[in-house]
Amino acid sequence: MADDLTLAQALSGGSLDPCVGRFLEFRVVRNPLRPDISQVPATLIPNPDLSQIPVARERTFQFARGASQPNPDPVTSFVGPWGIATDGGDVLDANFNRIDAAPKFGSREVWHLVNGGGGWDHPIHIHFEEGQILARDGSLANVPPWEGGRKDVYRLRPGGTLTVTMQFRDWGGMFMEHCHNTTHEDNAMLLRWEINGGGPAFLQPLPTPIPTPQGVMFEDPFTLPTAR
């Protein structure tokens with residue numbers, strides 16, 4: 001499978017990638033009544049300068065098959081072949097009552113995203129904050145210009161790695177990190193991470209809402225030993 005599709009291949013509908021379908025094509029049949037003098041600026045939104053903020057921690061997330069589910073709770077846990085390993089731990093299925101990472105409010109971290117195999121691209125969506133790609137497969141030279149801007153979805157190619165950085169600012173609370181291939185995130189390549197300030201209550205790990213026919217109940221989350 002090629003790393004990148006041409007427009008002609010995408011429009012043909014013949015891709016072997018199950019995540020690529022036919023595209024909607026617009027055809028311009030005449031020039032506008034008045035000349036279009038609009039211009040796209042060379043820089044749309046500049047990246048924030050994080051160079052003066054020390055890196056508080058580095059974390060590694062591996063996206064792979066063969067996940068396990070150590071928590072049998074059918075309400076908060078999901079079971080599927082896909083999962084995420086955090087900092088060299090086991091590849092785990094999703095459990096929205098488990099905190100896999102707890103960066104400190106205001107800090108900056110570097111996260112390494114690793115494709116654990118299986119021949120799939122994984123478009124990784126990190127909720128909350130846009131980040132910057134520092135390296136693809138270990139080198140900044142492998143980062144093309146269109147990946148140089150602010151990102152919240154990162155294309156993780158088969159067997160590849162990405163290094164990204166972000167600062168955890170503005171909001172506390174719980175956030176998700178997952179593969180945007182629907183069949184993967186549903187089965188069950190998703191984890192919960194939480195901004196933890198160790199101070200004001202709104203920055204403490206939030207209780208997990210559990211919907212029931214009688215109303216919403218709340219359960220205290222548990223945190224992986226490597227999360228903090």
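## Charge and surface

In this predicted model, the protein chain carries 18 positive and 26 negative side chains, and the centres of these two sets lie 6 Å apart. The accessible surface of the protein chain comes to about 13,200 Å², and carbon and sulfur atoms account for 58% of that area.

## Overall build

The protein chain has 228 residues, of which 37% are buried, and its secondary structure consists of two helices and 14 strands. Measured out along the principal axes, the C-alpha trace would be described by spans of about 60 × 45 × 40 Å. When contacts between residues at least 6 apart in sequence are considered, 68% of them join residues at least 24 apart.

## The sheet that contains β1

One open sheet has six strands in the order β3-β2-β1-β5-β9-β7, and its pairing is mixed. Its edges are formed by β3 (91-92) and β7 (132-136), each of which pairs on one side only.

Both senses of pairing can be followed from β1 in this sheet. With β2, β1 pairs in the antiparallel sense over five bridges, and R65 stands opposite W82 of β2. With β5, in contrast, β1 pairs in the parallel sense over eight bridges, and the bridge partner of V55 is R108 in β5.

## The sheet that contains β10

Another open sheet of six strands runs in the order β8-β6-β10-β11-β4-β14, again with mixed pairing. Here the edge strands are β8 and β14 (222-223), each pairing on one side only. Within this sheet, β6 and β10 pair in the antiparallel sense over three bridges, and a pair of histidines faces one another across them, with H125 standing opposite H178 in β10.

## The nonpolar core

In soluble globular proteins, nonpolar side chains tend to be buried together. The largest nonpolar core of this model has 23 residues, and those with the most contacts inside it are F61, F63, W111, L113, Y154 and W193. The elements that each give two or more residues to this core are β1 (55-65), β2 (82-86), β5 (108-115), β6 (122-126), β8 (153-156), β9 (161-167), β10 (173-179) and β11 (190-195). Strands of both sheets are therefore represented, since β1, β2, β5 and β9 appear in the order of one sheet, while β6, β8, β10 and β11 appear in that of the other.

Y154 illustrates these surroundings at the level of a single residue. Leaving aside residues up to four places away in sequence, Y154 touches L113, H122, P123, I124 and I126, together with E130, G131, Q132 and I133, and also L162, V164 and M166.

## The loop around N71

N71 is placed in the loop between β1 and β2, the two strands that pair in the antiparallel sense. Not counting residues up to four places away in sequence, N71 touches S77, N95 and F222; the range given for β14, 222-223, includes the last of these residues. The C-alpha atoms of N71 and V143, which are 72 residues apart along the chain, are separated by 38 Å.

Key:
Residues are numbered from 1 along each chain as its sequence is written. This is a predicted model: local features need pLDDT of at least 70, side-chain atom pairs count only at pLDDT 80 or more; totals for chains, interfaces and linings use all residues. Side-chain values use heavy atoms; hydrogens and water are left out. Helices (H or I, at least four residues) and strands (E, at least two) are DSSP runs, numbered from the N terminus. Buried means under 20% relative accessible area, exposed over 50%, partly exposed in between (1.4 Å probe, protein chains only). Contact means heavy atoms within 4.5 Å. Accessible areas come from the Shrake-Rupley method with a 1.4 Å probe; for residues, only the protein chains shown count as cover. Lys and Arg count as positive and Asp and Glu as negative; His and the chain ends are not counted. The place of a charge is taken as NZ of Lys, CZ of Arg, CG of Asp or CD of Glu. A nonpolar core is a set of buried Ala, Val, Leu, Ile, Met, Phe, Trp, Tyr and Cys residues joined through side-chain atoms within 4.5 Å. Two strands pair if DSSP finds at least two bridges between them.
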